[in-house]
Amino acid sequence: MLGQKIKVLKIVLRTYSKKFADNFYVTTPIFYVNGAPHIGHLYSAVLADAISRYQRLLCPENSGITRLSTGTDEHGTKIERAASASKAPVIDYCTKISHLFAEVFREASVKHCDFIRTTEQRHEKAVHDFWNTLFERDTIYLNQYNGWYCVADETFITNNQLRLDEQSGVRYSLESGHPVEWTEEENYMFRLSKFQADILYWLQQGNRVRPVKFEKILMDMLNEPLLDISISRPINRVSWALPVPNDPTHTIYVWFDALVNYLTSVGYPDGKYTDFWPPNVQVIGKDILKFHGVYWPAFLIAAGMEPPRQLYVHSHWTVDGQKMSKSKNNVIDPTIAAKTYTMEGLRYFLLREGTAHSDANYCSVKAMRILNAELADTLGNLLSRVCSKALNPRQVYPRLHTAQLREILKTNNGRQLRDVLQQFEAKCTQHFNDGNFYMGADLIMSTLHAANRFLEFSRPWELKLKISDLDIDKRVSLPMPQCDENCLKLETIIAMTMDTLRVCGIALQPLVPSLSTLLLDKLRVPYDQRKWRNLNHHFVQVAEGALEPSLEVCLNRTHLILFRRLTPKEDDHVEPELAKMKEPEKCKKSKRKTKNVVS
């Protein structure tokens, strides 16, 4: 009775931080090196990278202390078997595959602060310290253990997680479909059952798991009583793993080892790790929700540490509607895909099409259609048109002229562009705060479509025909009131379009950092004006008198192809389908044909 009262009192007194410190810590899962990286791995990494880049834009004063960690998980029987199949020493095999992940992330502009490997000495030190802390707190004990073990998943499975094949008599994991075997052995156990109330309390603080769908799945897991779990393996069964401190006959369970990487990356056990603890967002795939949503917070609470502030869980990628697997020979290698789409294009496609709440589908035809329609046509051609020497011979980002601006905003197309831009910052912030980058990309593209329509219906080329070369020369030598009305109106139309391009370029930075840099550099946007707060600095505020018109700026004269239009290669298996492919109707609004070349 007294024990129950003490337990209730602990729950009542327990608090978790709701105040965000200046530092911001984002993590990816560390990736298992039993195979080369595929688009599912890359999606996790670019998703976490987009979150951290957005945070730097949102809070630029904190840009030096927004931290992203990623890395590779290199222990376990599957790794040992993969190395054996490759006829390579295990550590050499791990190093080779780890470098493949690091190179793919580098090419994809994943701006991590740390790439950790679980075979590093600093990580072994952290794991042993964490283990000893739990042992000293009496949450680890040695006991006989028996149960169904899945070698492929490297985890024990309960009876209600099994499926029995009546014909063969073999049992399989319901979740992964891999076979299991009955195992009886002595293991070190973690008192998971002791922390069920604590995990529930953490989860009930709100916004701990997103999307909400996965929070409900986790709550369903916690509706069943939690059993203590095995966190070691006999060394004669799993030898490629970290040893249990002070017991050479056991090795540490690979998931216990792997989860501690988030602590290792911020310097644990050095006390300075608390500068970044707890993590603000931990990006994970839905298949590892149990490990991060049950085991991980329990381990941390047992050690006297705070659990993560949020788990951002994403779904998987299928390929042409089928599960991606080696047996189907449909695993998409990012390096190979990037040869067709570019790595920046592949990054955009993954964030544009990936939806956290449900599986996304990778389709070569769709990827090429989206990249051509959105990056090459909608974005690239719009920039090309307003920067062309035919329309903009002085090669400037012109000044807005207030009188002409207010007249233009009285037209239907002017009002439509104004309305879209007025709502842009609030909507985009909401989408990015929620981690819904695909919705942010959709908003950006719809805004660019509005700008394309505005430019098309404003017919600036007709204004340009009314302006003589002498009038253009006067724009340099004469005060503004003496300039031709057509010239001032043309410059205002170009400036309004460039304002929209600039705002969209700022918002695109978390999604396509290299491409957005090219765009903003072309427009000569100063680095201190590329922050999230600058999304509201545009012609609408000038028209309302909230901002003074910016001074005219000379464009970057570097010849630029923002995103080269993609064409299928001769040996590309999607060529027959692409040959039949028609441009989306929304990209055919303009009758004027332009090349995606910016002078």
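Let me begin with one contact: Asp442 and Arg352 form a salt bridge, with their closest N and O atoms 3.3 Å apart. By salt bridge I mean a side-chain nitrogen of Lys or Arg within 4 Å of a carboxyl oxygen of Asp or Glu. Asp442 belongs to helix α16 (residues 437-458) and Arg352 to helix α12, so this pair ties together parts that are 90 residues apart in sequence. Asp442 is partly exposed, at 42% relative accessible area, whereas Arg352 is buried, at 11%. Here buried stands for under 20% relative accessible area, exposed for over 50%, and partly exposed for what lies in between, with a 1.4 Å probe and protein chains only.

A word on the source. This is a predicted model, in which local features need pLDDT of at least 70 and side-chain atom pairs count only at pLDDT 80 or more, while totals for chains, interfaces and linings use all residues. Residues are numbered from 1 along each chain as its sequence is written, and side-chain values use heavy atoms, with hydrogens and water left out.

Now the chain as a whole. It holds 22 helices and 21 strands; these are DSSP runs, numbered from the N terminus, with helices being H or I of at least four residues and strands E of at least two. Of its 599 residues, 57% are buried. Among contacts with a separation of 6 or more, 79% are between residues 24 or more positions apart, a contact being heavy atoms within 4.5 Å. The accessible surface amounts to about 27,000 Å², and carbon and sulfur atoms account for 52% of that; the areas come from the Shrake-Rupley method with a 1.4 Å probe, and for residues only the protein chains shown count as cover.

Helix α12 leads us to a sheet. Which strands form it, and in what order? Three strands, in the order β18-β17-β19, make an open sheet with mixed pairing. Strands β18 (322-323) and β19 (360-362) stand at the edges with a single partner strand each, so one side of each has no neighbour in the sheet. Strand β17 (residues 317-319) runs parallel to β19 and is joined to it by three bridges; two strands are said to pair if DSSP finds at least two bridges between them. Within this pairing, Thr318 is opposite Asn361 in β19. Helix α12 (residues 343-353) packs on the sheet and touches β17 and β19, its direction making about 150 degrees with that of β19. The axes are lines fitted to C-alpha atoms, for helices over the stretch in contact, and angles run from 0 to 180 degrees between N-to-C directions.

Elsewhere, strands β5 (residues 140-150) and β9 (residues 181-190) run antiparallel, joined by 10 bridges. Asn146 has Glu184 in β9 as its bridge partner. Strand β9 also pairs with β11 (residues 229-230) in the antiparallel sense, over two bridges, and there Met189 stands opposite Ser230.

I close with further salt bridges. How many does a search of the whole structure find? The search gives 22 salt bridges. One of them joins Arg106 to Glu103, with the closest N and O atoms 2.5 Å apart. These two residues are three apart in helix α4 (residues 90-107), which means that about one helical turn separates them. Arg106 is exposed, at 54% relative accessible area, and Glu103 is partly exposed, at 32%. Another links Arg122 with Glu120, the closest N and O atoms being 2.9 Å apart.
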